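Work through the exercises below with the sequence and structure at hand. Each task is followed by a worked solution.

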Amino acid sequence: MTESATTTMPATSTARSTRNSSIVFDNVTKTYPGQTAHALDSLSIEVRSGELVCLVGPSGGGKTTALQLVNRLVDLSSGEIRIGDTNIMDLSPIELRRTIGYAIQQSGLFPHYTVAENIATVPTILKWDRKRIEARTKELLELVGLTPVENWLKRYPGQLSGGQQQRVGIARALAADPPVMLMDEPFGALDPITRVAVQDEFLDIHRAVGKTTLFVTHDIDEAIKMADRIAILKPGGLLAQYDTPAEVLARPADDFVAEFLGAERGLKRLALTTVAEVLAAGRDRRGSSPVAAAAGSTEAGNPVSAAEWPEVSATMTLREALSLVSAAHAQGARVMDAGSHLGDVTLHELICPPADDPARTTEGARI
Ligand SMILES: Nc1ncnc2c1ncn2[C@@H]1O[C@H](COP(=O)(O)OP(=O)(O)O)[C@@H](O)[C@H]1O
Ligand SMILES: [Mg+2]
């Protein structure tokens, strides 16, 4: 990759980078001055180009340190970090940070700048012309769901809700179209409902723009929902496990990971599969008449007949569908999409999803 290739990349949100923008930690250790314990201990992981990796672990586990080593807010003690083929030490901190979008908890917006001025921070430093900055700002507000954009441009952060500030923070981090995003508990301060909305928004953006993303969270459910792969750090900054959510949940590397995942580990796995996937797998097995087959499998004496099973949508996770089936005391669910009946799934299919079949793990789909 040459420098000119970097600068001529179109700054549109939809441009999927073909450059190598992986983040590689190569035996990285950080010990803060005056400390004997390591904050991060011999970390070696690769975040592949376009991948979203969540870094999780208990407070003090070295997550923020790992992130800040990448943009050189913190200096390495030993080891090497590369973005693509470039050692981060070969760039000045300023050059380096131009290639990195950084979003943090509480959004970190400048309170005396308007929304538009906040988003324009890096493009202004890069001396983009006014028209280009204006167009990019509007494009980003659309992308993060703050529309109509004219309603938001001139507001100050103090005039926004937490979720709206967070969206502007993400827009600002994306502004100069950096190939890499670092996010440090960006949704940590949000209430649960706003949090889900902003997570969904961010996942949509991530799928559209495909930036290499290292995302810190202490919330394992957030990591399971968002991540292609999860890196779990334990106290002392040691890597406990690095794998897909499905693998981590199915095969925790040690007692620390199992405890960190919690007693609901089995249920959390059900959040990785949708009803639509189970329905498709059932069709494969049963042939062309899933409804009759599912209804036929209903046990005699079942108090709720298949025709009265609760309705679930195809996009629901198995965990959500199971909750409805349990509340209805039923043996399965009717899968609906915009008012039409797609088929049925049985209780057994909901609790033993196709992901349990090693040949069909979500890992295969994610890599
Ligand atoms: N500037 C600093 N000086 C000294 N120790 C620090 C500094 N920043 C973090 N630490 C220590 O490094 C360890 C990891 O901290 P941090 O990376 O913030 O963890 P996390 O983000 O996982 O909560 C902790 O023990 C913390 O006290
Ligand atoms: Mg932290």
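**Exercise 1.** Determine how helices H7 and H8 are oriented to each other in this predicted model.

Solution. Start with the axes of H7 and H8, which come within 10 Å and cross at roughly 20°. Angles under 35 degrees count as roughly parallel. H7 and H8 are therefore roughly parallel to each other. Next, take the hand of the crossing between H7 and H8, which is right-handed. Finally, list the residues that make the contact: H7 contributes Gly-162, Gly-163, Gln-166, Arg-167 and Ile-170, while H8 contributes Thr-194, Ala-197, Val-198, Glu-201 and Phe-202.

**Exercise 2.** Check the length of helix H7 against the span expected at 1.5 Å a residue.

Solution. H7 covers residues 162-174, which is 13 residues. The expected span is 1.5 Å times one less than the number of residues, so H7 should span 18 Å. The C-alpha atoms at the ends of H7 are 19 Å apart, in agreement with that value.

**Exercise 3.** Find how many residues of H7 are buried, and what covers them.

Solution. Of the 13 residues in H7, 11 are buried, so the helix is mostly covered. Among them are Gln-164, Val-168, Ile-170, Ala-171 and Leu-174. The cover over these buried residues includes two strands, S6 (100-104) and S7 (180-184). It also includes helices H4 (115-119), H5 (121-125), H6 (130-143) and H8 (192-209). For the protein chain as a whole, buried residues make up 38% of the 367 residues.

**Exercise 4.** Decide whether Leu-67 is buried or exposed, and name its contacts beyond four places in sequence.

Solution. First, place Leu-67: it belongs to helix H2, residues 63-70. Then count neighbours: a residue is buried if 20 or more other C-beta atoms lie within 10 Å of its own. Leu-67 has 22 C-beta neighbours inside 10 Å and therefore counts as buried. Leaving aside neighbours within four places, Leu-67 is in contact with Leu-182, Asp-184, Leu-214 and Val-216.

**Exercise 5.** Identify which residues touch the most other members of the largest nonpolar core.

Solution. The largest nonpolar core has 72 residues. Those touching the most other members are Val-53, Cys-54, Leu-55, Ala-171, Leu-182, Leu-214 and Phe-215. Take Phe-215 further: not counting residues up to four places away, Phe-215 touches Leu-52, Val-53, Cys-54, Leu-55, Met-183 and Met-226. A second, separate core of 17 residues includes Leu-318, Leu-322, Val-335 and Leu-347.

Key:
Residues numbered from 1 in each chain as written. Chains lettered and ligands numbered in written order. Predicted model: local features only at pLDDT ≥ 70, side-chain atom pairs only at ≥ 80, totals over all residues. Helix = DSSP H or I, 4+ residues; strand = E, 2+ residues; numbered from the N terminus. Buried ≥ 20, exposed ≤ 12 C-beta atoms within 10 Å, placed from the backbone. Contact = placed C-beta atoms within 7 Å. Core = buried A, V, L, I, M, F, W, Y, C linked by C-beta atoms within 7 Å. Axes fitted to C-alpha atoms, helices over the stretch in contact; angles between N-to-C directions. Parallel < 35°, antiparallel > 145°, perpendicular 65-115°, else oblique. Left-handed = near helix turned anticlockwise from the far one by under 90°.
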